[in-house]
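Let's look at how some structural labels get earned. Have the model open as you read.

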Amino acid sequence: MDTDAQHDEPERDRSPDPEEGRKSRSRSFRVGVGAAVLVGVLLLTSAFVVQPFLIPSSSMEPTLRVGDRVMVNKLAYRFGNHPGRGDVVVFDGTGNFAGEEGSEGNPVTTLLRKAGAVTGLVEPAESDYVKRVIGVGGDRVSCCDKRGRIEVNGEPVDESYLHPGDTPSAVPFETEVPSGRLWVMGDHRSMSSDSRDHLGEPGGGTVPVDRVIGRADWIGWPFGRMGSVRHG
C-alpha cells in the first residue's frame with residue numbers, strides 16, 4: 001500500500017456545511033415565528049370572538065358536565081343584543097358572587113394561568129361562573145307557586161332542563177331584578193350557588209349585564225358530547 005499517497009491525501013473537513021447550518025437555523029426561525037403567530041391568533045380569537053371555557057363544577061348538570069369545554073360566544077351580546085331568559089352565560093362574578101380581586105401574586109404564574117384559562121386548558125378563575133339566566137331587568141322572579149314552579153312576572157317557567165330529582169328551589173324567594181342586571185341560577189339547583197345565595201348582598205344576588213363575558217353556545221370537548229348548548 002502506498003503510505004505516501006495516504007499522507008498526501010488532504011484531510012477531509014468533518015465540520016457541518018456552513019450553508020446547511022444557516023438553512024437549519026432559518027427553518028427553526030420560521031417554525032418559531034409560525035408558532036408564535038398561531039398562539040397570537042388563538043389568544044386574540046379567545047379575547048374577542050370565541051373563548052373556550054372549562055366547566056369546573058356540577059352546578060349546570062345535566063346541561064354541562066365537569067370537564068366539558070364549552071365555546072363562549074363573545075359576539076352574542078354585541079351590536080345591541082342583550083342576554084335573554086334561558087340563555088346560558090359565562091360571567092365575571094367579582095364583587096357580586098365573589099369577593100373583590102386582591103393581589104394576584106407572582107405575575108408570571110398569573111399570566112400563565114390566564115393564558116391557560118382563555119385557551120380552555122385549565123380551570124377558569126374562581127371569579128368566573130356559568131349559569132342560566134332566569135330573569136332580566138324589570139322582571140319579578142319568585143318561587144314557588146302551588147305546583148312548586150318558579151314564576152317570572154306571574155307566569156310559571158317550564159324548566160325541563162333541571163337536573164333529574166331537583167326541585168326548582170328548596171328556598172322560597174321573591175325579587176325584582178334591577179335594570180341592567182340578571183337573575184341567574186344553575187340547572188343542578190341542589191348543587192348550585194347562584195343568585196339565591198346572595199339575596200342579602202349588594203345587587204340582591206343579581207349580576208350586572210356588563211359583567212357577562214359571553215353566551216355558552218357549543219360543547220367542543222369531549223367528542224362524545226359535542227353539540228350546541230340547550231338554551232331555554
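Buried means under 20% relative accessible area, exposed means over 50%, and partly exposed is in between. Keep in mind that this is a predicted model.

Q: What are Arg189 and Glu159 called, buried or exposed?
A: Both Arg189 and Glu159 are buried.

Q: What makes Arg189 and Glu159 a salt bridge?
A: The cut-off is a side-chain nitrogen of Lys or Arg within 4 Å of a carboxyl oxygen of Asp or Glu. The side chains of Arg189 and Glu159 meet at 2.6 Å, N to O, so the pair fits. This pair links distant parts of the chain, 30 residues apart: Arg189 is in the loop between strand 9 and strand 10, and Glu159 in the loop between strand 7 and strand 8.

Q: Why is Asp92 called buried?
A: Its relative accessible area is 16%, and buried means under 20%, so Asp92 gets the label.

Q: Why does Arg211 count as partly exposed?
A: Arg211 has 29% relative accessibility, which is between the 20% and 50% cut-offs, so partly exposed it is.

Q: How do you know that Arg211 and Asp92 form a salt bridge?
A: Their N and O atoms are 2.9 Å apart, and the limit is 4 Å, so they qualify. Arg211 sits in the loop between strand 10 and strand 11 and Asp92 in strand 3, so the pair ties together parts 119 residues apart in sequence.

Q: Why is Trp221 called partly exposed?
A: Trp221 has 40% relative accessibility, in between 20% and 50%, so the label fits. Along with Phe223 and Met226, Trp221 forms a nonpolar surface patch.

Technical notes. Residues are numbered from 1 along each chain as its sequence is written. This is a predicted model: local features need pLDDT of at least 70, side-chain atom pairs count only at pLDDT 80 or more; totals for chains, interfaces and linings use all residues. Side-chain values use heavy atoms; hydrogens and water are left out. Patches are made of residues with over 30% relative accessible area and no salt bridge: like charges are joined within 9 Å, nonpolar side chains (Val, Leu, Ile, Met, Phe, Trp, Tyr) within 5 Å. Accessible areas come from the Shrake-Rupley method with a 1.4 Å probe; for residues, only the protein chains shown count as cover. Buried means under 20% relative accessible area, exposed over 50%, partly exposed in between (1.4 Å probe, protein chains only). Helices (H or I, at least four residues) and strands (E, at least two) are DSSP runs, numbered from the N terminus.
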